[in-house]
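The following paragraphs offer a guided reading of one protein model. The reader is invited to keep the sequence and the coordinates at hand while following the text.

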Amino acid sequence: MTERIVSMHAAYKSGQEVVDGFLSRPTTADPRTAIVLVHGYRGLDDGQRAVTRRFAQEGFVCLSPDLFHGKTFHTLAECALQKTSLAIPTAVEKVIDAVPYLRKLPWVGKKNIAVLGFCMGGGLALYALAQSRAFAAGVIYYQSLFPDPEDLKSIAAPLLCHYGTDDPGTTKTEIDMFRETLEKYKKKFKIEMYEGAGHAFLNNPQTKNTANREAAAKSVTQTSKWLKKQLA
C-alpha cells in the first residue's frame with residue numbers, strides 16, 4: 001500500500017553555499033526514517049523527482065540535493081562533461097551535510113538515515129559512506145563513478161547494490177572488481193543483478209524496455225524492504 005505524500009522545494013547550508021533540493025515525504029505527522037538520494041549526471045531532473053516521490057510513497061522522508069545548481073543536462077556529451085568536471089570532495093560534502101538538515105525536520109528527528117545514489121550519484125554515495133558515519137545504510141544503483149578500492153576501506157554501513165546485465169556504463173568487469181573489493185575488506189553487502197536491464201533502469205521513467213521496467217519495480221520493492229529492516 002503506497003502512502004499519500006507531499007513534495008516541495010528544500011534548501012540547506014553546506015559550507016558557505018546553500019544547496020537546493022527536492023523533498024518528498026508521507027503526509028502523516030509521525031517521524032520516519034529518511035533517505036538522501038544522489039542524482040546521476042543528468043542532474044535533478046524529472047526522473048530524479050519521480051524516484052524521490054516513489055520512495056516517499058514507500059514510507060520514507062526523501063531528499064534529493066541538487067548538485068548542479070538548478071541545471072539539467074540531456075545529451076550524452078553534456079552529461080559526461082558535467083560528471084568529469086565535478087568537484088568530487090565538494091559534492092560529497094553536500095551529500096553528507098544533508099543529514100543535519102534532515103535531523104532538524106520533525107518528520108525525521110533521531111530516526112536513521114540512508115544514502116542512495118544513481119549512476120554518478122552511486123559513486124558519490126560510496127564516498128559519502130566512506131567519509132561519514134552519519135548514514136546507517138547505503139543503496140547503490142549502477143554506479144558510473146568508481147572510487148579507488150582504498151577509498152572504500154572505511155565503509156561501515158551495510159550496502160545493497162543493483163545492476164542490470166546489459167549495462168555498457170557499469171560493466172560486469174566493474175561489478176566484479178567492486179565485489180572483490182568489498183569481499184577483501186569484509187564489508188556487509190548484497191548485490192542484485194537484473195537480467196536484460198540496462199543503465200538507469202529506475203531513474204528513467206520514460207523507458208519502454210520491459211526488462212528495465214521490471215527491474216525498476218523489483219528493485220524498489222527489494223530496496224524498501226531492505227531499508228526498513230536496516231534502518232529500524
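With which side chain does the side chain of E192 make a polar contact? The model is a predicted one, and in it the partner is K190, whose side chain is 3.2 Å from that of E192. E192 belongs to strand β8, which covers residues 189-194. The relative accessible area of E192 is 14%, so this residue counts as buried, the limit being under 20%. Leaving out residues up to four places away in sequence, E192 touches L160, C161, H162, Y163 and Q222.

From this strand one may turn to the nonpolar core. The largest such core has 75 residues, and the members that touch the most others are F55, L102, F135 and L202. Helix α5, residues 120-131, gives the most to this core, with 8 residues. In general terms, nonpolar side chains tend to be buried together in soluble globular proteins. F55 illustrates how such a member is surrounded: apart from its neighbours within four places in sequence, F55 is in contact with I35, L37, F60, C62, L116, Y141, L202, V220, T223 and S224. L202 therefore appears twice, as a contact of F55 and, like F55, among the members of the core that touch the most others.

Helix α5 merits a closer description. Its 12 residues reach 17 Å from the first C-alpha to the last, close to the 16 Å expected at 1.5 Å a residue. The helix is mostly covered, with 11 of its 12 residues buried. The buried positions include the glycines G121, G122 and G123 as well as M120, L124 and Y127. Helix α5 also takes part in the packing of helix α3 (residues 88-96), in which A91, V92, K94, V95 and I96 are buried. The buried residues of α3 pack against β1 (5-14), β2 (17-26), β3 (34-38), α4 (98-104), β5 and α5.

Strand β5 leads on to the aromatic residues. A pair of aromatic rings is described by the distance of the centres and the angle of the planes. The model has 8 aromatic pairs by the rule applied here. In one of them, the ring centres of F118 and Y142 are 6.4 Å apart and the planes stand at 40°, so the pair is classed as tilted. F118 lies in strand β5 (residues 113-118), whereas Y142 is in the loop between β6 (137-141) and β7 (159-164); the pair therefore ties together parts that are 24 residues apart in sequence. Y142 also pairs with Y141: here the centres are 5.5 Å apart and the planes at 70°, so this pair is edge-to-face. F118 is buried at 0% relative accessibility, Y142 is buried at 0%, and Y141 is likewise buried with a relative accessible area of 0%. Together with Y194 and F201, the residues F118, Y141 and Y142 form one aromatic cluster. Y141 is also one of the contacts of F55.

Another aromatic ring has a charged partner. The charged end of R25 sits over the ring of W107, at 3.7 Å from the ring centre.

An exposed position completes the reading. D46 lies in helix α1, residues 46-57, and its relative accessibility of 63% is over 50%, so D46 counts as exposed. The C-alpha atom of D46 is separated by 9.4 Å from that of T72, a residue 26 places away along the chain.

Key: Residues numbered from 1 in each chain as written. Predicted model: local features only at pLDDT ≥ 70, side-chain atom pairs only at ≥ 80, totals over all residues. Heavy atoms only, no water. Core = buried A, V, L, I, M, F, W, Y, C linked by side-chain atoms within 4.5 Å. Buried < 20%, exposed > 50% of the residue type's maximum accessible area, 1.4 Å probe, protein only. Helix = DSSP H or I, 4+ residues; strand = E, 2+ residues; numbered from the N terminus. Contact = heavy atoms within 4.5 Å. Phe/Tyr/Trp six-rings, centres within 6.5 Å; stacked < 30°, edge-to-face > 60°. Lys NZ or Arg CZ within 6 Å of the ring centre and 35° of its normal. Polar contact = N/O pair within 3.5 Å; in protein donor to acceptor, adjacent residues only side chain to side chain. Expected span 1.5 Å × (residues − 1).
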